[in-house]
Amino acid sequence: MIKLQREDFSIEEIFEEIRKRSRNIGAVVIFVGVAREFSRGRKVKKLYYEAFEDLAVKKLEEIRKEAIKKYNLIDMIVIHRYGEIDINEKIVAIAAAAMHRKEAFEACMFYIDELKKIVPIWKKEITEEGEYWVEE
């Protein structure tokens with residue numbers, strides 16, 4: 001399941017949803033990206049994410065399918081927010097369900113790294129010094 005949304009999300013609901021997918025799940029790893037207050041030596045007041053929605057969802061799903069195959073996952077759920085996000089709010093959640101923990105951990109790492117490389121979602125940091133688009 002892939003979702004690109006403005007609204008916040010519940011980690012508990014993600015966990016409950018993914019663990020229902022199979023009775024063979026032995027591990028669920030959930031990565032949550034959170035908006036931090038300091039970045040690149042600047043104090044950040046808030047973030048703004050912009051997405052090319054149709055293509056972003058397509059790329060998120062491509063990475064999901066690749067991660068499931070590569071790490072032998074049972075399933076994976078990904079939710080990424082866009083729009084204005086305050087400091088300490090959740091930005092992205094990646095939940096990987098597998099028979100064993102190693103694959104679930106590795107799949108989350110793989111997914112976030114690929115997301116930052118190829119998904120058309122852009123981040124702007126709004127700081128006390130001005131606004132800056134961030135390039136990874």
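Author: Buried means under 20% relative accessible area, exposed means over 50%, and partly exposed covers what lies in between. Keep those cut-offs at hand. This is a predicted model.

Reader: Why is Asp86 called partly exposed?
Author: Its relative accessibility is 35%. Buried needs under 20% and exposed needs over 50%. A value of 35% meets neither, so Asp86 counts as partly exposed.

Reader: Where is Asp86 found, and what does Asp86 touch?
Author: Asp86 is in strand S6, residues 83–86. Leaving out residues up to four places away in sequence, Asp86 touches Ala35 and Lys46. Arg36 is 50 residues from Asp86 in sequence, yet their C-alpha atoms are 8.9 Å apart in space.

Reader: How do you know whether His80 is buried or exposed?
Author: Use the cut-off again. His80 has 4% relative accessibility. That is under 20%, so His80 is buried.

Reader: Which residues is His80 in contact with?
Author: His80 sits in strand S5. Beyond its neighbours within four places in sequence, its contacts include Lys3, Leu4, Tyr49, Ile91 and Leu115.

Reader: What makes the span of H2 close to the one expected?
Author: Set two values side by side. H2 runs over residues 53–70 and has 18 residues. At 1.5 Å a residue, 26 Å is expected from the first C-alpha to the last. H2 reaches 25 Å. That is close to the expected value.

Reader: Which residues of H2 are buried?
Author: Ala56, Leu60, Ile63, Arg64 and Ala67 are buried.

Reader: How do you know that they line one face of the helix?
Author: Look down the axis of H2. The buried residues fall within an arc of 105°, so they line one face.

Reader: What do the buried residues of H2 pack against?
Author: Their partners are strands S1 (2–5), S4 (42–51), S5 (75–81) and S8 (121–127), along with helix H3 (101–118).

Reader: Which exposed residues does the face turned away from the buried side carry?
Author: That face of H2 carries Asp54, Lys58, Lys65 and Lys69.

Reader: What makes the phi of Asn72 worth a remark?
Author: Start with the general rule. Most residues other than glycine have a negative phi. Asn72 is not a glycine, and its phi is near 55°, a positive value. Asn72 comes just after H2, in the loop between H2 and S5.

Reader: Why is Asn72 called exposed?
Author: Its relative accessibility is 59%. The cut-off is over 50%, so Asn72 counts as exposed.

Reader: What is the phi of Asn88, and where is Asn88 found?
Author: Asn88 is not a glycine either, and its phi is positive, about 80°. Asn88 lies in the loop between S6 and strand S7 (90–98). At 64% relative accessibility, over the 50% cut-off, Asn88 is exposed.

Reader: How many aromatic pairs does a search of the whole structure find?
Author: One. Tyr71 and Phe110 form the pair, 5.7 Å centre to centre. The limit for a pair is 6.5 Å between centres, so they qualify.

Reader: Why is the pair called tilted?
Author: The planes are 55° apart. Stacked needs under 30 degrees and edge-to-face needs over 60. An angle of 55° fits neither, so the pair is tilted.

Reader: Which parts of the chain does the pair link?
Author: Distant ones. Tyr71 is in the loop between H2 and S5, Phe110 is in helix H3, and they are 39 residues apart. Tyr71 is buried at 14% relative accessibility. Phe110 is buried too, at 10%.

Reader: How do you know that the charged end of Arg42 is over the ring of Tyr132?
Author: One test is distance: the charged atom must be within 6 Å of the ring centre, and within 35 degrees of the ring normal. The charged end of Arg42 is 3.5 Å from the centre of the Tyr132 ring, and sits over it. The charged end of Lys90 likewise sits over the ring of Phe9, 5.5 Å from its centre.

Reader: What makes the approach of Thr127 to Glu129 a polar contact?
Author: The side chain of Thr127 reaches the backbone nitrogen of Glu129 at 3.0 Å. The limit is 3.5 Å, so the distance passes. The backbone oxygen of Gly130 lies 2.8 Å from a polar side-chain atom of Thr127.

Reader: Is Thr127 buried or exposed?
Author: Thr127, in strand S8, has 4% relative accessibility. That is under 20%, so Thr127 is buried.

Key:
Residues are numbered from 1 along each chain as its sequence is written. This is a predicted model: local features need pLDDT of at least 70, side-chain atom pairs count only at pLDDT 80 or more; totals for chains, interfaces and linings use all residues. Side-chain values use heavy atoms; hydrogens and water are left out. Helices (H or I, at least four residues) and strands (E, at least two) are DSSP runs, numbered from the N terminus. The expected span of a helix is 1.5 Å times one less than its number of residues. Buried means under 20% relative accessible area, exposed over 50%, partly exposed in between (1.4 Å probe, protein chains only). The arc is that of the directions from the helix axis to the C-beta atoms. Contact means heavy atoms within 4.5 Å. Rings of Phe, Tyr and Trp (its six-membered ring) pair if their centres lie within 6.5 Å; planes under 30 degrees apart count as stacked, over 60 as edge-to-face and the rest as tilted. A polar contact is a pair of N or O atoms within 3.5 Å; within protein, one must be able to donate a hydrogen and the other to accept it, and residues adjacent in sequence count only if both atoms are side-chain atoms.
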